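Q: Got a model here that I'd like to go through side chain by side chain. Can we start with charges over rings?

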Amino acid sequence: MKRVVIIDDDEIFQFLCSKALENIGCTDEIKQFTNSQKGLDYLTKQLTGESYPTMLMVDINMPLLDGWEIIEGIEKAGSSFIKNCKVFILSSSVDVKDKEKALSYKSVTGFIIKPLSESNLRTIAKEHFGLG
């Protein structure tokens with residue numbers, strides 16, 4: 001089963017991203033969190049190896065916890081999560097330092113600049129999940 005978790009405080013972005021993921025057949029299940037603390041709690045306290053998502057999409061700039069704190073939290077949770085899940089940082093920032101910081105984390109697979117298009121998602125699905 002292909003599971004995707006989206007942690008982003010923008011409900012409209014979440015809706016559009018979910019629809020695009022469904023349209024390209026990239027997921028069987030989507031779990032969304034606008035509250036970053038609840039998203040991190042879900043990932044680190046409620047899931048086990050078999051139920052880890054195949055993809056995690058995390059916005060950088062959010063209230064409560066920012067994307068960096070979420071990434072640090074999942075890295076503390078252990079290597080099993082990192083091994084089983086592709087993590088993508090989402091941001092409207094075009095600052096090269098944000099991309100460099102994102103890719104410095106061992107758990108982060110990629111950095112995606114918003115707005116996210118269906119064509120970008122198709123490329124991700126093909127490159128990282130073998131979906132055409």
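A: Sure. This is a predicted model. The charged end of Lys-114 sits over the ring of Phe-13, 4.5 Å from the ring centre.

Q: And Lys-31, which ring does that lie over?

A: Tyr-42. Lys-31 lies over its face, at 5.4 Å from the ring centre.

Q: OK, aromatics. How many aromatic pairs does a search of the whole structure find?

A: Two. One of them joins Phe-33 and Tyr-42, with 5.2 Å centre to centre and 40° between the planes, a tilted pair.

Q: Is Phe-33 buried or exposed? What about Tyr-42?

A: Phe-33 is buried, at 12% relative accessible area. Tyr-42 is buried too, with 12%.

Q: What about the rings of Trp-68 and Tyr-105?

A: Their planes are at 15°, so that pair is stacked. The ring centres are 6.0 Å apart.

Q: Where do Trp-68 and Tyr-105 sit in the chain?

A: Trp-68 is in helix α3, residues 67-77. Tyr-105 is in the loop between α5 (96-104) and β5 (108-113). They are 37 residues apart, so the pair links distant parts of the chain.

Q: Buried or exposed, for Trp-68 and Tyr-105?

A: Trp-68 is buried at 9%. Tyr-105 counts as buried at 12%.

Q: Switching topic. How many disulfides?

A: Zero, from a search of the whole structure.

Q: Why is there no bond from Cys-17?

A: Because the closest cysteine sulfur, in Cys-26, is 9.1 Å away, too far for a bond. The cut-off is 2.5 Å.

Q: Are those cysteines buried or exposed?

A: Cys-17 is buried at 3% relative accessibility. Cys-26 is buried with 4%.

How values were computed: Residues are numbered from 1 along each chain as its sequence is written. This is a predicted model: local features need pLDDT of at least 70, side-chain atom pairs count only at pLDDT 80 or more; totals for chains, interfaces and linings use all residues. Side-chain values use heavy atoms; hydrogens and water are left out. Buried means under 20% relative accessible area, exposed over 50%, partly exposed in between (1.4 Å probe, protein chains only). Rings of Phe, Tyr and Trp (its six-membered ring) pair if their centres lie within 6.5 Å; planes under 30 degrees apart count as stacked, over 60 as edge-to-face and the rest as tilted. Helices (H or I, at least four residues) and strands (E, at least two) are DSSP runs, numbered from the N terminus. A charge sits over a ring if NZ of Lys or CZ of Arg is within 6 Å of the ring centre and within 35 degrees of the ring normal.
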